[in-house]
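Trainee: I have a model open and would like to understand the reasoning behind its labels. Could we go through a few together?

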Amino acid sequence: MKKNKKENKQEPPKLNIYWIYGAIITILLGMSFFGGGSNFKNLSKTNISEFERYLNSGDVSQVIVINKNLAQISIKEESLSKAEHQRLKSTNIFGQQNIKGPHYQFEVGNLELFQRKLEKAEEKGIEFKYEFSTVENRWLDVLLGFLPIIIIIGIWIFIMRRMSGGGVGGGSQIFNIGKSKAKLFDQNTDIKITFKDVAGLEGAKEEVQEIVDFLKNPAKYTALGGKIPKGALLVGMPGTGKTLLAKAVAGEAKVPFFSLSGSDFVEMFVGVGASRVRDLFKQAKDKSPSIIFIDEIDAIGRARGKSNFTGSNDERENTLNQLLTEMDGFGTNSNVIVLAATNRADVLDKALMRAGRFDRQIYVDLPDLNERLEIFKVHLKPLKIIKSLDFEFLAKQTPGFSGADIANVCNEAALIAARKNKKAVGKQDFLDAVDRIVGGLEKKNKIITKEEKKTIAYHEAGHAAVSWLLKFAAPLVKVTIVPRGQSLGAAWYLPEERMIVRTEQMLDEMCATLGGRAAEKVMFNKISTGALSDLEKVTRQARAMVSVYGLNDSIGNITYYDSSGQTDYNFTKPYSEETAQKIDNEISKIIEKQYKRACDLLKSNKKKLIALAERLLEKEVIFKDDLEKILGKRPFDIVKNDKK
Ligand code: ADP
Ligand code: ZN
C-alpha cells in the first residue's frame with residue numbers, strides 16, 4: 001500500500017518530462033508539415049528540355065521560379081487534354097485533374113541559361129506569365145536555429161531535477177525552487193492541537209494566550225490604537241514542546257498554520273532563500289489571519305557579518321534580510337504572526353529581536369517534576385497500563401527529560417511490553433524504556449573479562465560512594481555495570497534542579513565525577529582509560545569555573561565569555577599568553593585537589609567501597625536502597641524532589 005503511494009507520487013514528473021519531449025517533437029513535425037509542405041507538393045517531375053517543348057508549343061500558362069532553383073509550371077487548361085499531359089491525372093490522389101496548376105516542377109540548374117530560354121520564347125511571341133518568388137521555409141529554419149537551445153534547456157531541466165533531489169510534491173522541482181516549502185495545517189488538515197494537549201508550560205501558555213486573542217479578534221486591540229505583535233520567539237531545548245505550543249496557538253485561534261524549518265530556506269542556489277521567504281509571506285497573507293512557524297530559526301537568523309571569510313554566508317544574509325523586510329513590511333492589520341523557535345537565542349542577530357519583529361521572547365524550559373507528571377498523563381492516556389502504575393514514580397525517574405523524551409519513553413515502554421506479550425504496560429517496562437533511552441541498548445553479550453568487570457564495578461562504586469558522602473553532589477538513583485551503548489557501566493543521579501550553582505556545589509560534583517578513577521587508584525593502584533568521559537566532564541567544568549564564572553582564586557572576577565557570540569575565540573584569544581598560562585595552572589590545580597579529595601574519602605571508607613563493589617559484581621544493578629544499607633543513610637538529603 002505504502003509502496004503504491006510512493007510510485008504514484010513519482011509519476012507526475014515522469015509524465016511531465018515526456019510530455020515536454022512529446023510536445024517538442026509534435027511541434028517540429030507540425031511546423032515542417034505546414035510550413036514546408038506547400039513547396040513539396042506532389043507535382044509531376046519534368047526536365048528542362050521537356051519544359052522547353054511545352055513552352056514552345058504554347059502549352060505553358062505560368063512559370064514560377066522559387067528560390068532561384070525550383071521551377072513550377074502551370075499548363076493552360078485547353079492544353080491539358082493533350083496526350084503528353086495525361087500523366088498528370090494519375091498523380092492526383094483523388095483521380096481528378098488539378099486544373100489550375102501548377103502541374104510540373106523541375107530543378108532549374110543554371111538560372112541564367114533558363115532565363116535566356118524564357119526570354120527567347122517571349123521574343124517569339126509566346127505568351128505566359130513569369131515570376132520569381134522566394135518562399136522561405138521559415139518555421140523550419142527558425143526551429144533549426146533554436147534546436148541547440150532547446151537541447152540545452154532539456155539537459156538543464158534534467159540536471160536540475162537531479163540536483164534538487166527528485167520530485168517531492170510532484171511537478172518539476174525547478175519550477176518550485178523559489179517557492180516556500182512550508183507545510184500548511186488548516187481546517188482541512190485534521191491535526192487539531194489545543195492547549196489541552198500541551199502539558200505543563202503554564203507560563204509560556206499564558207504568554208501565547210495573548211497571541212491567540214489577537215488573532216481571534218484583532219479589532220479589539222487595534223480599536224484602541226495598539227499594534228498587534230508581529231512575532232514571538234520560543235526559546236528552549238529541543239523537544240520541550242515549542243512546535244507543539246505553536247500548533248496549539250493555531251488550533252486555539254482556529255487559523256491556518258504554516259510550519260517550516262529555518263534550514264528549508266537554505267539552498268545551494270543564490271537568491272532562493274529570499275524568494276522562498278517572499279513566497280511564504282505571500283501565502284500567509286492570502287490566508288490571513290494566520291501563523292507562520294519557523295523552527296530552528298538560527299539556521300538563517302545567526303548574527304550577520306561574523307567569520308565571513310569566504311563570503312559563503314551571503315546567501316544566508318540575504319535570506320535573513322528578506323525575512324526582516326517582510327516582518328517590517330506587513331501592515332499592522334495583515335494579521336500574520338510569526339512564531340519562531342530556537343535553542344540558541346544568544347546567537348541570533350540582534351536585528352531580529354528589535355521591537356516590531358520578534359519583540360516577545362517566551363522561554364520554554366525543561367519540565368520540572370510536576371510538569372513531567374502532567375506530560376506523562378498526556379502520553380499515558382492512549383496506552384493500556386496496569387491499574388497500579390504510579391505516575392509520580394515515573395516522573396521522579398526521569399529528571400532532565402524533555403517532553404519529547406517522555407513521549408518516547410511511553411512509546412518505548414509499550415513496545416517493550418508488547419515484546420513480552422503482556423496485556424498491559426507495567427512499571428518495569430517503563431524503567432527499561434528509561435534505561436534504554438538514557439543509555440542505548442543493553443549489550444548483555446558484550447565480551448568483558450572478569451578483570452575488566454571488576455575494574456568497572458570498582459569504578460562505578462567509586463562514583464556512587466563519593467557522591468553519597470558529599471553534601472552537594474547529586475544523590476544517586478542507580479548504578480549498573482551492564483554495558484549499554486558506548487558505556488561499560490553507569491551511575492544515575494537525581495540532579496537537583498537549581499538555577500545558580502555555588503562553588504562548593506561545583507567542587508563536590510567534580511569530586512564525585514573523579515570518584516571512579518580515584519577508586520581504581522585506591523584499590524588497584526592502577527588507573528585506566530575507562531575514565532575518559534569523566535575527565536572530559538571535569539575539565540570542562542573546571543575551565544568554566546576559571547574562565548567563565550570567575551569562581552577561582554588566581555584569575556578573579558573576570559569572565560572571558562561573550563554571550564553575544566560576536567567574537568570567534570578560535571582565532572582570537574581574549575587574554576594574553578601570560579593569563580592563558582595562569583588559567584591552565586588554575587584548572588589543573590582545581591582538578592588535582594578534587595582528585596586527591598576523592599582518593600582520601602575512599603581510603604577512609606575503603607571497607608564500604610569494597611562492599612559496594614562486590615554487591616555490584618553480584619547483582620549488576622543496585623539501587624538507592626542498597627547504597628543506604630551499605631553506606632548508611634545520607635545525612636544531608638536536601639533534594640526537593642524527594643520531599644514529594
Ligand atoms: P520542539 O519543537 O521544542 O523541539 P516538539 O514540540 O516538536 O519540540 O515536541 C516533540 C514532541 O514531544 C511533541 O510532539 C509531543 O509529543 C512531546 N511533547 C513535548 N513537550 C510536551 C508537552 N509540554 N506536553 C505534551 N507533549 C509534549
Ligand atoms: Zn566514570
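Mentor: Gladly; this is a predicted model, and we will take a strand, a helix and a metal site in turn.

Trainee: What makes strand β10 largely enclosed by the rest of the structure?

Mentor: Buried means under 20% relative accessible area, and seven of the seven residues of β10 (residues 336-342) are buried, so the strand is largely enclosed. V336, V338, A340 and T342 point one way, while I337, L339 and A341 point the other way, and all are buried.

Trainee: How do you know that β7 and β9 pair with β10?

Mentor: Pairing needs at least two bridges. Five bridges join β7 (residues 231-235) to β10, and the two run parallel; β9 (residues 290-295) and β10 also pair in the parallel sense over five bridges. Look at L339: A232 is its bridge partner, and F293 stands opposite L339 as well.

Trainee: How do you know that the span of helix α18 agrees with what its residues should give?

Mentor: At 1.5 Å a residue, its 22 residues (503-524) should span 32 Å, and the end C-alpha atoms are 31 Å apart, so the two agree. Do note that α18 bends by about 45° at G515. After α18 comes N525, with a positive phi near 55°.

Trainee: What makes H459, H463 and D534 donors of the zinc ion (ligand 2)?

Mentor: The cut-off is within 2.8 Å of the metal, and H459 (NE2), H463 (NE2) and D534 (OD) coordinate the zinc ion at 2.0 to 2.1 Å. Along the chain, the donors follow the spacing H-x3-H-x70-D. H459 lies in helix α17 (residues 450-469) and D534 in helix α19 (residues 532-547), so this pair ties together parts 75 residues apart in sequence.

Key:
Residues numbered from 1 in each chain as written. Chains lettered and ligands numbered in written order. Predicted model: local features only at pLDDT ≥ 70, side-chain atom pairs only at ≥ 80, totals over all residues. Heavy atoms only, no water. Buried < 20%, exposed > 50% of the residue type's maximum accessible area, 1.4 Å probe, protein only. Helix = DSSP H or I, 4+ residues; strand = E, 2+ residues; numbered from the N terminus. Expected span 1.5 Å × (residues − 1). Bend = angle between axes of the 7 residues up to and from the residue. Donors = N, O, S within 2.8 Å, 3.2 Å for Na, K, Ca; no water.
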